[in-house]
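Got the viewer open? Put the cartoon up, keep the sequence panel handy, and follow along stop by stop.

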Amino acid sequence: AALARLVTEAAAEAVASGGRFTLGLSGGSLVALLARELPPALSAAPGAEPSRWLVALCDERLVPLQDPESTEGAYRVRGRGGHRQGPGGCSSSAQFRPVRP
């Protein structure tokens, strides 16, 4: 929960200063952690505005989205369960910068 709070607080600060929040994410255990912890943290920080986020994947494997090793695929699958299409609620391709094989 501490990481999700840190992310949402940084996002709210960036948005409040009139900007966009940029976040780089890796895969692995971070996917499940953020899928579980980020939605409640976002609910508690309405100023975080996921629509103002730009999310980039930092360690994507060059495999198809359906491959279990795909970081983007893992975030998209986890996101669907929480009614989100990407990390942090990024639903626009303009907000989500994956690596394409």
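What pattern does the protein follow when read along the sequence? The answer is α-β-α-β-α-β, with three helices and three strands in the protein. Helices (H or I, at least four residues) and strands (E, at least two) are DSSP runs, numbered from the N terminus.

A word on ground rules. This is a predicted model, where local features need pLDDT of at least 70 and side-chain atom pairs count only at pLDDT 80 or more, while totals for chains, interfaces and linings use all residues. Residues are numbered from 1 along each chain as its sequence is written, and side-chain values use heavy atoms, with hydrogens and water left out.

**Stop 1: the whole chain**

Colour by accessibility. Of the 101 residues of the protein, 37% count as buried. Here buried means under 20% relative accessible area, exposed over 50%, and partly exposed in between (1.4 Å probe, protein chains only). Now switch on contacts, meaning heavy atoms within 4.5 Å. Among the contacts with a separation of 6 or more, 75% are between residues 24 or more positions apart.

**Stop 2: helix α1**

Select residues 2-16, which make up helix α1. At 1.5 Å a residue, its 15 residues should span 21 Å, and the end C-alpha atoms are 21 Å apart, which agrees. The expected span is 1.5 Å times one less than the number of residues.

Next, show the side chains of Ala4, Val7, Thr8, Ala11, Ala14 and Val15, which are buried in α1. Look down the axis of α1: its buried residues fall within an arc of 125 degrees, so they line one face of the helix. That arc is taken from the directions from the helix axis to the C-beta atoms. Swing round to the other side of α1 and you'll find Ala2, Leu6, Glu13 and Ala16, which are exposed.

What do the buried residues of α1 pack against? They pack against β1 (21-25), α2 (29-44) and β2 (53-57). Before you leave, click on glycine 18, just after α1, which takes a positive phi of about 85 degrees.

**Stop 3: β1 and β2**

Select β1 and look at its two faces: Phe21, Leu23 and Leu25 are on the covered one, Thr22 and Gly24 on the uncovered one. In a regular strand the side chains alternate between the two faces of the sheet.

Add β2 to the selection. β1 and β2 pair in the parallel sense over five bridges; two strands pair if DSSP finds at least two bridges between them. To see the register, pick phenylalanine 21, whose bridge partner in β2 is tryptophan 53, then leucine 25, which stands opposite leucine 57 in β2. β2 itself is mostly covered, with four of its five residues buried.

Bring in α2 as well. β1, α2 and β2 make a right-handed β-α-β unit. Right-handed here means that, with the strands pointing away from the viewer, the path from the first strand over the helix to the second runs clockwise.

**Stop 4: the core**

Which residues touch the most other members of the largest nonpolar core? Show Phe21, Leu25, Trp53 and Tyr75 as spheres: of the 19 residues in this core, they are the ones. α1, β1, α2 and β2 each supply at least two residues of this core, and the largest share, six residues, comes from α2. A nonpolar core is a set of buried Ala, Val, Leu, Ile, Met, Phe, Trp, Tyr and Cys residues joined through side-chain atoms within 4.5 Å.

**Stop 5: the loop between α2 and β2**

Start with proline 46, placed in the loop between α2 and β2. Is proline 46 buried or exposed? Proline 46 is exposed, with a relative accessible area of 66%. Draw a C-alpha to C-alpha distance from proline 46 to alanine 12: they are 7.8 Å apart in space and 34 residues apart in sequence.

Move on to glutamate 49, in the loop between α2 and β2. Its phi is near 35 degrees, a positive value in a residue other than glycine. Glutamate 49 is partly exposed, with a relative accessible area of 33%.

Proline 50 also lies in the loop between α2 and β2. At 21% relative accessibility, proline 50 counts as partly exposed.

**Last stop: helix α3**

Finish on alanine 74, in helix α3 (residues 71-81). Alanine 74 is partly exposed, at a relative accessible area of 26%. Its C-alpha atom is separated by 6.8 Å from that of valine 31, 43 residues apart along the chain.
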